[in-house]
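Work through the following exercises with the sequence and the model side by side, and attempt each task before reading its solution.

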Amino acid sequence: MQYVTLSHWLLDNSPVHIGLKKPEINPNSQISRGDGYNSYIINVENHSGTHIDAPDHFLNNSKQISNYAPNELIFTNPIILEIFKGQNELIELKDMVGAYLNDADCIFFRTDFEKYRDSDPEKYLTQNPGISPEVIYWIRENFKNVRCIGIDCISISSYQNPNKGKEAHLNAFKIDGNLGESLLLIEDMKLSEIKNGDLKCVIVIPWQIEGIDSAPCTILAEIE
Ligand SMILES: [Zn+2]
């Protein structure tokens, strides 16, 4: 068995949503200063770096990330959809034509916008593509095995389309008799080094912090 990560390391200059506090990772005890050991103090917002959004992010008093059992964070039929998108574009229903989702329990959207994460962080944060609310609703309505959606850009919300972005999040989380269970959303994923056929199983490991809506996470993928 071979594993790769589909999450980015968190650095103090990791790109984070506009308006969030930059991550701070500061030395505390340091051997170089005469202390007996090395340690650090980290101060980050919970939506920093690769992170997983749970329903409580947009729906007060709903499921927080600590309310998920480990089994709910393991996906044995993950698929990657390669739908390349440029700046400010949304993944629309017409992009889903031909996608085979019947067995999927998790869908990762590879937009290829990840290429700007290091080379042009400003563009990565302010021109990102997103997922239309209609696509989220359609997935929940028609593919009830799907429990998680991920994307290789800073958010499923296009920064320039905030209303659509909010609606997309609400469509992912809201309770509705026509729809399958609420989705989890993984944002700021690392998908550039993986192809669809490679994936066998995905394990999402959020930071184990209680009382918060969502959390940074490590994503392990078992590959062929
Ligand atoms: Zn988020």
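**Exercise 1.** Determine which spacing the donors of the zinc ion follow along the chain.

*Solution.* Begin with the donors, which are N, O and S atoms within 2.8 Å of the metal (3.2 Å for Na, K and Ca), bearing in mind that water is not among the atoms, so sites may look incomplete. The zinc ion is coordinated at 2.3 to 2.8 Å by ND1 of His-47, NE2 of His-51, two OD contacts from Asp-53, and OE of Glu-187. Placed along the chain, these donors follow the pattern H-x3-H-x1-D-x133-E. Next, check burial, where buried means under 20% relative accessible area, exposed over 50%, and partly exposed in between (1.4 Å probe, protein chains only). His-47 is buried at 9%, and His-51 is buried at 0%.

The model is a predicted one, in which local features need pLDDT of at least 70 and side-chain atom pairs count only at pLDDT 80 or more, whereas totals for chains, interfaces and linings use all residues. Residues are numbered from 1 along each chain as its sequence is written, and side-chain values use heavy atoms, with hydrogens and water left out.

**Exercise 2.** Establish how many disulfides a search of the whole structure finds, and examine Cys-106 and Cys-217.

*Solution.* Apply the criterion that a disulfide is a pair of cysteine sulfur atoms within 2.5 Å; the search returns 0. For Cys-106, the closest cysteine sulfur belongs to Cys-148 and lies 4.1 Å away, which is too far for a bond. Cys-217 is likewise in no disulfide, its nearest cysteine sulfur, that of Cys-148, being 8.4 Å away. Cys-106 is buried, with 0% relative accessibility, and Cys-217 is also buried, at 5%.

**Exercise 3.** Identify the buried residues of helix H4 and the elements against which they pack.

*Solution.* Helices (H or I, at least four residues) and strands (E, at least two) are DSSP runs, numbered from the N terminus. H4 covers residues 162–173, and its buried residues are Gly-165, Ala-168, His-169, Asn-171, Ala-172 and Phe-173. Taking contact as heavy atoms within 4.5 Å, these residues pack against strand E4 (51–53), strand E9 (130–131), helix H3 (133–142) and strand E11 (184–187).

**Exercise 4.** Find the rings over which the charged ends of Lys-63 and Lys-123 sit.

*Solution.* The test requires NZ of Lys or CZ of Arg within 6 Å of the ring centre and within 35 degrees of the ring normal. The charged end of Lys-63 sits over the ring of Tyr-68, 4.0 Å from its centre, while that of Lys-123 sits over the ring of Tyr-116, 4.2 Å from its centre.

Notes. Expected span 1.5 Å × (residues − 1).
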